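Reader: I would like a close look at a single part of this model, taken slowly and with its surroundings kept in view. Please choose the part that you think repays careful reading, and carry the account through in one piece.

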Amino acid sequence: MTVIDTQELVKRYRTGGQTLDALAGIDFAIEPGEFVSIMGPSGSGKTTLLNILGLLATPTEGKVVLDGTDVTGLNDRKRTTLRKQTIGFVFQHFYLLPTLTAVENVKVPRLLNDDPGLTNRARKLLERLGLGDRLDHRPDELSGGQKQRVAIARSLINSPKLVLADEPSGALDSDTGRQILDEFKRIADQDNVAIVAVTHDELVNEYVDRTVHLVDGTIGQEGKNGR
Amino acid sequence: MALLDKRAKMAGRFLPAVLMARRNLTRTKMRSLLASLGIVIGVVAIASLGMFGVALQYSFSQNLSNVGSDITVVPNSEENVTDLTERDVQTIRREVSADATVTAVKNRMEPVSYGRGEPGQKRIWGIQNPKRLYEADEGQITPFRNGALVGSNVAEEHNLHPGSKIIINGSTVRVQAVLNEEGYSPTNPNNRIIIPIESFGQREYSGVIVSESTGTQANETAMKIRDSLNQRKKRVSVEEMSSVVEQYEEQFQIINIVLTGIASISLFVAGISILNVMLMSTVERREEIGVLRAVGYQKRDVLKVMLMEAMLLGLFGGIAGVILSIGSGLAINHYTVGNAIAVFRLPNAWYVGAAFAFGVLMSMVSGLYPAWKAASKEPVDALRS
């Protein structure tokens with residue numbers, strides 16, 4: 001079963017007297033365990049698509065089906081609940097809370113829940129990502145790669161079916177970027193999580209199962225990586 | 001059991017928000033400190049002024065404690081009545097209750113000098129049976145035939161003791177006793193010189209003071225006296241001290257309301273400074289709030305954390321304010337009532353509690369708009385870098 005499936009997605013922005021089609025009819029689907037990159041020049045609609053996939057924005061037209069449920073017309077509260085249950089986010093600039101330790105940052109999405117096993121799970125996730133000796137460090141005591149690992153652990157704390165990554169290697173040097181992409185690949189394979197990475201970085205394509213090229217709000221040719 | 005469970009769950013949901021809020025505040029320690037300093041000042045201002053009013057009222061009513069059941073009857077000069085006759089006094093005696101005391105007094109202005117100084121005009125009093133009303137600080141009140149009794153203020157001012165000489169209207173009189181200092185009442189002797197009532201030439205009295213045992217009884221007696229003496233024309237005016245006391249207490253209450261009202265302006269200012277601080281921090285933490293929303297925090301969760309921050313600022317300021325207020329209350333009561341411990345009286349607790357509650361409430365109200373603004377920001381907009 002597909003994790004997320006979009007049909008004929010259109011996102012139209014009205015600025016001044018002009019209308020701009022950020023997305024002009026996108027059909028996109030991803031299976032569990034699949035690692036897909038979305039590439040395209042600036043203004044091609046990558047981030048808009050990622051926001052709609054992440055239920056952070058709603059499409060002007062078309063349909064979004066998440067894990068078998070049509071989520072197109074849901075209100076903010078229901079979208080937030082679904083987002084929490086099924087989707088994890090990784091951002092280019094990590095966006096860790098500076099006052100919290102690594103473990104606490106990983107716990108953030110579930111902090112307001114009554115969840116007794118939370119700390120243990122957060123520690124295990126960080127250990128798995130190779131940060132066993134950095135558990136109680138604050139973000140300013142971590143390197144860029146380490147911060148991104150904390151962010152990845154945070155995206156996994158709710159056991160999501162889909163992880164959305166916005167330029168995950170964008171703020172990292174290429175060696176660190178490779179390590180992060182390795183982590184993503186491993187997570188997709190081991191946890192059967194679908195991963196969508198929006199990127200400029202050609203490096204990403206070495207790791208993904210397929211690449212979707214966006215041009216002017218439409219999908220161009222799709223490249224498959226034989227695996 | 002179920003209720004307990006629910007409570008534990010609520011605490012579990014609440015505590016993390018408190019912890020998060022606390023961390024956010026300690027991130028900008030100086031700023032948070034200054035914001036709650038406003039609340040501290042506001043709380044101290046309201047509580048101190050409130051307690052100051054209470055202390056004043058207390059020291060005033062301490063002086064007035066016995067006056068509430070007193071009635072004074074004086075001739076009504078508007079009807080050209082200048083004196084009360086012996087018959088009037090007898091009438092009054094008939095109307096009062098069994099355990100009331102009736103004191104008829106005479107007074108007139110006389111030139112008085114103390115030792116070598118120039119004589120000054122002073123009102124001289126004649127009071128029936130002074131032993132019943134007063135106690136002597138120095139000397140003896142009885143027998144009272146030709147000496148003078150002086151009040152404590154007069155004695156202090158002119159350095160008078162039993163045996164001292166004063167000259168009233170040319171004739172020398174020896175001070176027989178200095179009277180104990182007394183609280184405010186119509187028969188208060190502190191500023192008076194009293195001579196035997198028999199030495200007044202006139203037969204008429206200038207006033208009668210009735211002391212009843214209770215305020216209600218006083219009220220009843222006052223009505224009876226009016227009925228019997230003012231039948232044909234309003235010959236006397238009867239004043240109940242309880243109504244005077246009431247008037248004073250009303251005045252004090254108004255003063256207190258005005259004082260605390262002025263003080264609460266400072267809490268509004270403090271509220272604005274919290275509003276400002278919170279608005280700044282929502283702008284600074286735009287992305288962070290966006291992340292929280294992206295990882296599944298509902299609007300109301302963000303609202304809760306932000307409101308909690310405002311509440312913590314208020315609580316911190318409020319608690320510090322209460323501690324300082326109690327300190328200032330001790331000082332206020334020490335200097336006005338002469339008893340620092342008097343700060344632990346109920347009305348003071350009320351003022352301190354109200355100031356604290358108002359401080360916390362003010363902080364939360366001020367936090368409302370920034371919190372709402374932060375919560376209703378679209379996560380996509382917040383995360384756009």
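Author: Since the part I have chosen is the domain arrangement of chain B, a definition comes first: the bounds of a domain, as the word is used here, come from an automatic or database domain assignment. It should also be said at the outset that the model is predicted, and that the predictor gives the complex an ipTM of 0.88 and a pTM of 0.71.

With that understood, the assignment for chain B gives domain 1, made of residues 2-63 together with 247-383, and domain 2, made of residues 68-241. The C-alpha centres of domain 1 of chain B and domain 2 of chain B are 55 Å apart. The outline of the whole chain can be set beside that separation: along its principal axes, the C-alpha trace of chain B spans about 100 × 50 × 45 Å.

The secondary structure of chain B amounts to 11 helices and 10 strands. Its radius of gyration is 33 Å, whereas the globule rule gives 21 Å for 385 residues, and chain B is therefore more spread out than a compact globule. Of those 385 residues, 41% are buried, and among the contacts in chain B with a separation of 6 or more, 80% are between residues 24 or more positions apart.

Domain 1 of chain B, which takes in residues 2-63 and 247-383, can be read against the records. UniProt, in an unreviewed entry, places the feature "transmembrane region" at residues 32-56, 254-279, 310-330 and 350-369 of chain B. For one of these spans, residues 254-279 of chain B, the model shows 100% helix and 0% strand, with the end C-alpha atoms 37 Å apart. Residues 350-369 of chain B are likewise 100% helix and 0% strand, and here the end C-alpha atoms lie 29 Å apart. UniProt, again in an unreviewed entry, also places the feature "domain: ABC3 transporter permease C-terminal" at residues 262-379 of chain B. Over that stretch the chain is 86% helix and 0% strand, and its end C-alpha atoms are 42 Å apart.

Confidence deserves a word before leaving chain B. The mean pLDDT of chain B is 85, and 95% of its residues reach 70 or more. Within chain B, confidence is lowest in helix H1 (residues 2-27), at a mean of 69, and highest in helix H9 (residues 299-336), at 92.

The surroundings of this part are supplied by chain A, and the two chains meet where 21 residues of chain A are in contact with 21 residues of chain B. On the side of chain A that touches chain B, the largest share, 5 residues, comes from helix H2 (residues 76-86) of chain A. Sorted by class, that side of chain A has 10 nonpolar, 6 polar and 5 charged residues.

Chain A itself offers a useful counterpart to the outline of chain B. Its secondary structure consists of 6 helices and 10 strands, and its C-alpha trace spans about 50 × 40 × 40 Å along the principal axes. A compact globule of 227 residues would have a radius of gyration near 17 Å, and the 17 Å of chain A agrees with this. Buried residues make up 48% of the 227 residues of chain A, and residues 24 or more positions apart account for 69% of its contacts with a separation of 6 or more.

Two local details of chain A complete the picture. Helix H1 (residues 46-53) of chain A is mostly covered, since 8 of its 8 residues are buried, including A:Lys46, A:Thr48 and A:Asn51. After this helix comes A:Leu55, whose phi is positive, near 60 degrees, and which lies in the loop between H1 and strand S4 (61-66) of chain A. A:Leu55 is buried, having 26 other C-beta atoms within 10 Å. A:Asn192 also has a positive phi near 60 degrees, and is found in the loop between helix H6 (174-191) and strand S8 (194-199) of chain A. With 13 C-beta neighbours inside 10 Å, A:Asn192 counts as partly exposed. Such values stand out because most residues other than glycine have a negative phi.

How values were computed
Residues numbered from 1 in each chain as written. Chains lettered and ligands numbered in written order. Predicted model: local features only at pLDDT ≥ 70, side-chain atom pairs only at ≥ 80, totals over all residues. Helix = DSSP H or I, 4+ residues; strand = E, 2+ residues; numbered from the N terminus. Rg over C-alpha atoms; globule rule 2.2 N^0.38 Å. Buried ≥ 20, exposed ≤ 12 C-beta atoms within 10 Å, placed from the backbone. Contact = placed C-beta atoms within 7 Å. pLDDT = per-residue confidence, 0-100. UniProt positions renumbered as here; feature names shortened; annotations may be inferred. Nonpolar A, V, L, I, M, F, W, Y, C, P; charged D, E, K, R; others polar.
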